[in-house]
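This report looks at some local features of one chain, going from a loop to a sheet and then to a helix.

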Amino acid sequence: MFAQQDRAEAQVATLRTVLGSIFAGSWFDSAAGKAVVAVTDITSVPRLAAAGVEARVVTRSDAQLAAAADGLRTRAVPAGVVGWYVDLPTDQVVVQVLDRSPATDAFVATAGPAARAETVSERPRPLYAVRGGDAWYGSNFRCSVGFSATDAAGGKHFVTAGHCTAGGGAAFGYNQVSLGRLNGSHFGTGGDYGRVDVSSGQWTLSGVVANGGGTVAVKGSAEAAVGAAVCRSGSTTGWHCGTIQAKNQTVVYSEGTVTGLTRTNVCAEAGDSGGAWISGNQAQGVTSGGSGDCTRGGTTYFSPVNPALNAYGLRLVTS
C-alpha cells in the first residue's frame, strides 16, 4: 500500500506541472491502488491513462474550489455551521452544519453551486493530552501534572502534589480549558500527594512525561535506589536531572511537617509542584518542595508515587 502511495504521489507531482490550469486536484484510490487525477479538459484523459493514473473530468479546478472555500471565511458564520472543506471526488465544497436553518442554508448558498451542506451530529472540540510535567491551574494558582492514572471503573485521574489540591474546586488545563475537579489531598504523615479527577472529554490520559523537546514513556513505577539517576519535569523550569540522595525524609515546611519524602539534588521552582519524577522509564513521584532554584542549584523533595496510587486505588497509565 505505501509503495503504491509513493508511486502515485510521484506521478501526480509530474502531472500537476504538465497539466497546468486544467489540473483539478488528485486523490489516492486505495481499492485500485493508484492515483485519480481530476481535470477540467476531457482531451487530457488519454494522456492520463497513458501515465498510469485514472482520469476524472470535473467542472471546477482545484483553484476554483479553494477560492470558493476561502470566500466563506470572509462571511459571518452562523451558529449552526461547524466547518467546511474541499471534497475533490465530488468537485464541491462541503459545509458541515448542525441544522438546516435558513441561516445555515443562506451561508451555504453564498458559495453557489460549488457548495453543498452536510449535516453532522456535534461540534468538534480541541483534544488535549494529560502529560507529566505540564501545567494545570486552580482558581488562583498553577501546579504541574504528575502521572495519569485510572480507577477500577475506568475513571480518569492524575496524581499531583497534595498541597496543590488542598483547596478543592475546579481544575483547568492549557488555555483555561476545563479539566476536572480536585478530589483528594494528603499533606503530612506519609507524603504530599493529591488527586485530580479528569472529567472533561477533551482530555486524554497519556503515559508519558514531557522532557522539553519531546516525551519519555512511562513503563511502570519500580522504585529507584539511593544514588540512582532521576529526572523531573515541571511547568516552570521544565526538565532537570540529578541523583536520589535519601529516602523517607521528614521535611518541616512552614505549612506543616511532611514525612516519607525523597531527597534529591535536582533544582525546582514555584509552579513545578506536583510535577513528575522518573528514573529511566519508571515513575518515581511528584514534586513536593525544596530550597534554592534552577539558577544557582538547589535541593528538591518528591513524594513517592506508589503510596499515592495505593491511597486512591489508582492504576498508573503506561505507554
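Gln176 is partly exposed, because its relative accessible area of 47% falls between the limits of under 20% for buried and over 50% for exposed. In this predicted model, Gln176 lies in the loop between β12 and β13, and Asn175 has its place in the loop between β12 (170–172) and β13 (178–188) as well. Asn175 counts as exposed, at 62% relative accessibility. Most residues other than glycine have a negative phi; the table lists the two loop residues with their values.

| Residue | Phi | Relative accessible area |
|---|---|---|
| Asn175 | positive, about 60° | 62% |
| Gln176 | positive, about 60° | 47% |

Elsewhere, three strands form an open sheet of mixed pairing, in the order β4-β5-β6. Its edge strands, β4 (81–87) and β6 (115–119), each pair on one side only, and neighbouring strands of this sheet are turned by 25° against each other on average, with direction ignored. Strand β5 (residues 92–97) runs antiparallel to β4 and is joined to it by six bridges; Val97 in β5 is the bridge partner of Val81. Across β4 and β5 lies helix α3 (residues 62–72), which runs at about 30° to β5.

A further helix, α6, spans residues 305–312, and its buried residues are Val305, Ala308, Leu309 and Tyr312. Seen down the axis of α6, these buried residues fall within an arc of 95°, and therefore they line one face of the helix. Just after α6 comes Gly313, which takes a positive phi of about 65°.

Technical notes: Residues numbered from 1 in each chain as written. Predicted model: local features only at pLDDT ≥ 70, side-chain atom pairs only at ≥ 80, totals over all residues. Heavy atoms only, no water. Buried < 20%, exposed > 50% of the residue type's maximum accessible area, 1.4 Å probe, protein only. Helix = DSSP H or I, 4+ residues; strand = E, 2+ residues; numbered from the N terminus. Arc of directions from axis to C-beta. Pairing = 2+ DSSP bridges. Axes fitted to C-alpha atoms, helices over the stretch in contact; angles between N-to-C directions. Contact = heavy atoms within 4.5 Å.
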